[in-house]
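Let's take a walk through this one together. Keep the viewer open and turn the molecule as we go.

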Amino acid sequence: MTVMEALDLDEKPTDKKPWTVAAIIWAAGCSSRMGRDNKLLLEIGGNTLVRSAVQNAITSDVHSTIVVLGHEAKNVAASLEGLEYQPEINEEYSQGMASSLRVGVKAAEGFDAVAILLADMPQVESKTLDVLLSVFLQQEFPRIVVATHGGRRGHPVIWPAVCFPDLMTLRGDIGGKQLLQKNAHQVIEADVESDSIFMDIDTRSDLAAANALPAKRP
């Protein structure tokens, strides 16, 4: 059964309230465009990129934070010392983003949904994720929730558990974009105030631009 069929035919609210949502943070990639340095260990605002991303997830309203590690896993984990999260190792990280997606989704078995975040998007604040969570939790039936700003879609995306089987079939260096297109009528857009949902850091110039932005107020 496809995601589309499942969502159309299994239209009944779950008895489990409130729905539980786990954040999955992809932190396994090689960051080849940054050169020799692991970009996740570079600093933005006094923290490493990965630590900032994980802290933002932890301080949001998600029920659990799963971090998928791979490239330089020990070093990345060391930069997260003191934070409460669930580490998962992706031994096949060189095969692309979809491999990290599968590891994270498998680890989130039992949750009602997952919020997918990227460790190289550390400026996505907890309040931005909370907007998506609020929209998701207000639905009578499970839906895919996508962050938008100015009419454009970005990250994060919340995927209900009914989508997990299809997410597990993905391969290569892709995320869930093709599934969003396939199930367009089941997608809800959550408008957020910040354009950080587009700001991934891939190069030195990206990092410099991010560090040049005014500091966020607590």
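Start at a small detail: the backbone oxygen of Ala57 sits 2.6 Å from a polar atom in the side chain of Ser60. Bear in mind that this is a predicted model. Ser60 itself is found in the loop between α2 and β4. Is Ser60 buried or exposed? Its relative accessible area is 7%, so Ser60 is buried. And what does Ser60 touch, once its neighbours within four places in sequence are set aside? The contacts are Ser126, Leu129, Asp130 and Leu133.

From that loop, step back along the chain into helix α2, residues 49-58, which packs on the sheet. The helix touches β1 (21-27), β4 (64-69) and β6 (113-118), and its direction makes about 175° with that of β1.

Now for the sheet. It is an open one with 7 strands, in the order β5-β4-β1-β6-β8-β7-β9, and the pairing is mixed. At the edges you'll find β5 (86-89) and β9 (187-191), each pairing on one side only. From one strand to the next, the twist averages 30°.

Zoom in on β6. How many of its 6 residues are buried? The count is 6 of the 6, so β6 is largely enclosed by the rest of the structure. In a regular strand, side chains alternate between the two faces of the sheet. Here Ala113, Ala115 and Leu117 point one way, while Val114, Ile116 and Leu118 point the other, and all are buried.

Next, look at the company β6 keeps. Strands of a sheet pair through backbone hydrogen bonds, in either a parallel or an antiparallel sense. With β1, the pairing of β6 is parallel and runs over 6 bridges; Ile116 in β6 is the bridge partner of Ile24. With β8, the pairing of β6 is antiparallel, over 4 bridges, and Val114 has Trp159 in β8 as its bridge partner.

Carry on across the sheet and you reach the pairing of β8 (residues 152-160) with β7 (residues 144-149), which is antiparallel over 4 bridges. Thr148 stands opposite Arg153 of β8 there.

Keep an eye on Arg153, because its side chain also meets that of Glu189 in a salt bridge, 2.7 Å from N to O. Glu189 belongs to strand β9 and Arg153 to strand β8, so this pair ties together parts that are 36 residues apart in sequence. How accessible are the two partners? Glu189 counts as partly exposed, at 44% relative accessibility, and Arg153 also falls in the partly exposed class, at 40%.

That's one of the 6 salt bridges that a search of the whole structure finds. Another joins Asp120 to Lys39, with the closest N and O atoms 2.7 Å apart. Where do these two sit? Asp120 is in the loop between β6 and α5 (126-137), and Lys39 is in the loop between β1 and β2 (43-44), so the pair links distant parts of the chain, 81 residues apart. Asp120 is buried, with a relative accessible area of 11%, and Lys39 counts as buried at 9% relative accessibility. The cut-off for that label is under 20% relative accessible area. Asp202 comes in here too: Lys39, Asp120 and Asp202 are linked in a network of salt bridges.

One more salt bridge is worth a look, between Lys182 and Asp166, where the closest N and O atoms are 3.5 Å apart. Lys182 lies in helix α7 (residues 177-182) and Asp166 in helix α6 (residues 164-167), so parts that are 16 residues apart in sequence are tied together. Lys182 counts as partly exposed at 36% relative accessibility, whereas Asp166 counts as buried at 12%.

Finally, zoom out to the whole protein. There are 8 helices and 9 strands, and 51% of the 218 residues count as buried. Among contacts with a separation of 6 or more, 75% come from residues 24 or more positions apart. The protein exposes about 10,900 Å², with carbon and sulfur atoms supplying 49% of it.

How values were computed: Residues numbered from 1 in each chain as written. Predicted model: local features only at pLDDT ≥ 70, side-chain atom pairs only at ≥ 80, totals over all residues. Heavy atoms only, no water. Pairing = 2+ DSSP bridges. Axes fitted to C-alpha atoms, helices over the stretch in contact; angles between N-to-C directions. Contact = heavy atoms within 4.5 Å. Buried < 20%, exposed > 50% of the residue type's maximum accessible area, 1.4 Å probe, protein only. Polar contact = N/O pair within 3.5 Å; in protein donor to acceptor, adjacent residues only side chain to side chain. Areas by Shrake-Rupley, 256 points an atom, 1.4 Å probe, with all protein chains shown as cover. Salt bridge = Lys/Arg side-chain N within 4 Å of Asp/Glu carboxyl O.
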